[in-house]
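Here are a few short exercises to work through with the model open in your viewer. Try each task before you read its solution.

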Amino acid sequence: MTNRLRPARHGTRPLPALELAARPRPWIRALGLTAVVLVGAWLGLLIVGSVRAPVGPMNTTMALRPSLTGGTKINVSPLGALTLDSHVAPVRLDVNVDQLDPLRSQSLVDHPERISGLQDEVAQDVEHGALDLAVRSCVAVVAGATTLGLVVYRSPRRALAAGGLALALLAASGGSAYATWNPKSVLEPKFSGLLSSAPAVVGNARSIVTDFDVYQKELARLVTNVTKLYDVTSTLPAYQPDPSTIRVLHVSDIHLNPASWKIIASLVEQYKVNVIVDTGDTMDHGTSAENGFLDPVKGLGVPYVWVRGNHDSTATQRYLERMKNVHVLDDGRAQTVAGLRFAGIGDPQFTPDRSVVPGGDAAERLAGDRLASALRDQRAAGTPVDVAMAHEPVAARETDGDVPLVLCGHLHHEGDEMLPYGTRLRMEGSTGGSGLRAVERKYPAPIEASILYFDRDSRRLQAWDAIKLGGLGETTAEVSRHRADENRPKSAPSPGTPPASPRTSSAPSP
């Protein structure tokens, strides 16, 4: 017997029981609204809350960022950053120095009388940039919080409430920053990255404030003379050698001078350089933070042969070894690049490491002996080396008689010498003008480099152009032509020597 469902009497169905829906607790709603306001305001600042503002001859980007401690951070890529305890608020002011504007810099060069008013100009630019940033930040936080509130709540009234709370939060942050503003924070900046060495180079912040007129002049020279150096290189006379001639650019001791890469690129283009050789001290402290300074090497467009200097660490060497156009030479290793066979050895000493007692000239002579032994092995194997490379002249001298030409640097001045057993020693000056040390002396070190001309068949040095640019504050440029047989007996001239006597030409001041 089966049971059948009977329809309810009079066609009615039982009604479901009704329950009262639990209302969300007020604190949960407040917490949710707070999250919407904070996230929306933060997104608004990230997307549209920055302004590009010219400050003197520089282009900068200013932005407000959420922070637990406040303060001001000034980023000077790739040198590092400095942090100021300027205020206490939940927002931090970020200032990124993007680039040096060539037109405004050239205007300072052409009209040096404007340098005296540079301080007031910078102050006005910062004031205008800060005002523009304040207006844009208000719009950014309101728009960000309102938009996110509309997405989350789908209610225009609650979205507007979120925007209003975001504006109130920004206003409170501004009031806190104003109340805790510390104008003396500039006297005690915190440096990071390569700028950690800035106090030793530029001077104590308090002395800068005391002698601001002197500091202002030095700072103006540092800023404007980069433009002068660029202009000078574009007017250097270029030698037109035989098409088969191999042209080598010899640089050394760049010491973190960013202007060097522009100068090197200009010389590569003007002289149609086939290969660049760098005899070390490209860095200053050899730290990993400095590695980004080497990135322009990848864009020079020609092979780059490098040996380690006493300011270059093994970390520096490993970073360069990963670049496709770089040939790092060490332990006498030889490579053929652009038709010439090079061999080199890195400096055995790393002097920035004060925990290690330097080996002095004895360590350099030992490294030179290892290089000379490798040169003899190459010759015995039927692959003789054309150019040897070392950083220290002491090490380079040990190769006398084992190679036609040895290149070095280290002493920050150019030199040429025929060694007793027939090897020519070419010592390059500082292509970085002694780097950060350029401001330590009364007369800054010049920027030096050489163009070496090799016969493609004999692979022997024919001639070279010694290039010397005035350092910071100078606008002179000299190119002197030298023949490779000048230090040899007249009865035994080198083959293929160009029939040109030494000449010197000066480029006009920009």
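Contact here means heavy atoms within 4.5 Å. Keep in mind that this is a predicted model.

**Exercise 1.** Find which residues L249 is in contact with, leaving aside its neighbours within four places in sequence.

Solution. Start with the partners numbered in the 260s: I264, L267 and V268 are in contact with L249. Next come V273, V275, I276 and V277. Finish with A449, S450 and I451, which complete the list.

**Exercise 2.** Place L249 in the largest nonpolar core, and work out which elements supply that core.

Solution. The core has 33 residues, and L249 is among those with the most contacts inside it, along with W261, I264, Y271, I276 and Y304. At least two residues each come from β7 (246–251), α8 (259–270), β9 (304–306), α9 (314–321), β10 (326–328), β17 (447–454) and β18 (461–469). The top contributor is α8, with five residues. A second, separate core of 20 residues includes L340, L405, L407 and L452.

**Exercise 3.** Check whether the length of helix α4 (residues 156–179) agrees or disagrees with its expected span.

Solution. Take 1.5 Å a residue: the 24 residues should span 34 Å. The end C-alpha atoms of α4 are 35 Å apart, which agrees. Now look at burial along α4: A159, A162, G163, A166, L170, S173 and A177 are buried.

**Exercise 4.** Summarise the chain as a whole: how many helices and strands does it have?

Solution. Count eleven helices and 20 strands. Then turn to burial: 45% of the 510 residues count as buried. Lastly, of the contacts with a separation of 6 or more, 62% join residues 24 or more positions apart.

Note on methods
Residues numbered from 1 in each chain as written. Predicted model: local features only at pLDDT ≥ 70, side-chain atom pairs only at ≥ 80, totals over all residues. Heavy atoms only, no water. Helix = DSSP H or I, 4+ residues; strand = E, 2+ residues; numbered from the N terminus. Expected span 1.5 Å × (residues − 1). Buried < 20%, exposed > 50% of the residue type's maximum accessible area, 1.4 Å probe, protein only. Core = buried A, V, L, I, M, F, W, Y, C linked by side-chain atoms within 4.5 Å.
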